[in-house]
Amino acid sequence: MLEIKDLTACYGESNIIPGLTFSVPDREIVCLIGRNGVGKSTTLKSIMGLVKTPSGSIKLSGQEIIGLKTYERAALGIGYVPQGRDIFPQLSVQENLELGLQVNGGKGKVGEEVFELFPIIKEFLHRKGGNLSGGQQQQLAIARALVSHPKLLILDEPTEGIQPSVIEDIAAAIEKVNKQLGITVLIVEQYLDFVLGISDRYYVIDKGEICLSGLTKDADEALIQSKMSIG
């Protein structure tokens, strides 16, 4: 589904990712984990074309996308939920959802499967996005990314600032997105229990490079923790 090879990424003169290689197999849930500041969010922004990527390869379903604009990558089937969610606070929940249709040129409509995944969203269609709780905003952000029917859903820190009961709801929804809708999922996260509970495969990143990886079912949580604590 997604193949990243020898990728470099930078902010100005700062080289954040010196040479990253990893893959996200079709229909799997894959987590990218690591400490703060090691390149996790930069990796996602690189996939979306939001930071400079001087060299390397990013392939989606075999197609090289590293030279494409952000909206072109989205149109090929990548749904992206950034850290902080980027909900439009003055727009209603309905209007926020409809913005997700712009990926398809504004065509189509918000599917009922979105409301089945996130029932709370349907209750608040006419409420302003800024009046939702953090957990509700996260659910809205994921729902908005899903209305364009992406092949790959990318989530940056989906549990950040969210109470435990809502985290469980989000975990269940992500699993349904993957298993029932057949959407491949890539998650950046620090909350180990959350991602190891729902993912098929994990990668630990440090200083812009993968230092540990494997199938989640075989994961040694103590070893992962030790890799994440190395400064």
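# Briefing on a predicted protein model

Arginine 27 is placed in the loop that runs between strand S2 (14-24) and strand S3 (29-33). The model in which this loop appears is a predicted one, and its protein contains nine helices and ten strands. The points below begin with the protein as a whole and then turn to single residues and elements.

**Overall form**

- A compact globule of 231 residues would have a radius of gyration near 17 Å, and because the protein has 17 Å, its value agrees with that expectation.
- Taken along the principal axes, the box filled by the C-alpha atoms of the protein is roughly 45 × 40 × 30 Å.
- Of the 231 residues in the protein, 51% are buried.
- When contacts between residues at least 6 apart in sequence are considered, 69% of them join residues that are at least 24 apart.

**Surface and charge**

- The protein exposes about 10,600 Å², and carbon and sulfur atoms supply 48% of that area.
- There are 23 positive and 28 negative side chains in the protein, and the centres of these two sets lie 5 Å apart.

**Cysteines**

- The structure holds zero disulfides, and cysteine 211 has as its nearest cysteine sulfur that of cysteine 31, which is 12 Å away.
- Cysteine 211 has a relative accessible area of 31%, and because this falls between the 20% and 50% cut-offs, the residue is partly exposed.
- Cysteine 10 has 13% relative accessibility, which is under the 20% cut-off, and so cysteine 10 counts as buried.

**Two loop residues with positive phi**

- Most residues other than glycine have a negative phi.
- Arginine 27, which is not a glycine, nevertheless has a positive phi, near 70°, and with a relative accessible area of 54% arginine 27 is exposed.
- Serine 61 is also not a glycine and has a positive phi of about 50°; serine 61 lies in the loop between strand S4 (57-60) and strand S5 (63-64).
- At 46% relative accessibility, serine 61 does not pass the 50% cut-off for exposed residues, and therefore it counts as partly exposed.

**Helix H1 and the residue after it**

- Helix H1 covers residues 40-48 and is mostly covered, since eight of its nine residues are buried.
- The buried residues of H1 include Lys40, Ser41, Thr42 and Thr43, and also Leu44, Ser46, Ile47 and Met48.
- Just after H1 comes glycine 49, whose phi is positive at about 80°.

**Threonine 184 in strand S8**

- Threonine 184 belongs to strand S8, which spans residues 184-189, and with a relative accessible area of 0% threonine 184 is buried.
- If its neighbours within four places in sequence are left aside, threonine 184 is in contact with several residues, among them Met1, Val24, Pro25, Asp26, Arg27 and Glu28, as well as Lys151, Leu152, Leu153 and Asn178.
- Arginine 27, the exposed loop residue, is therefore one of the contacts of the buried threonine 184.

**Isoleucine 198 in helix H8**

- Isoleucine 198 is found in helix H8, which spans residues 192-198, and at 8% relative accessibility isoleucine 198 counts as buried.
- Although isoleucine 198 and glutamate 175 are 23 residues apart in sequence, their C-alpha atoms are 6.6 Å apart in space.
- Glutamate 175 is also one of the residues in contact with isoleucine 198, and others, leaving aside neighbours within four places in sequence, include Ile29, Ala171, Ile174 and Ile187.

How values were computed:
Residues are numbered from 1 along each chain as its sequence is written. Side-chain values use heavy atoms; hydrogens and water are left out. Helices (H or I, at least four residues) and strands (E, at least two) are DSSP runs, numbered from the N terminus. The radius of gyration is taken over C-alpha atoms; the globule rule is 2.2 Å times the number of residues to the power 0.38. Buried means under 20% relative accessible area, exposed over 50%, partly exposed in between (1.4 Å probe, protein chains only). Contact means heavy atoms within 4.5 Å. Accessible areas come from the Shrake-Rupley method with a 1.4 Å probe; for residues, only the protein chains shown count as cover. Lys and Arg count as positive and Asp and Glu as negative; His and the chain ends are not counted. The place of a charge is taken as NZ of Lys, CZ of Arg, CG of Asp or CD of Glu. A disulfide is a pair of cysteine sulfur atoms within 2.5 Å.
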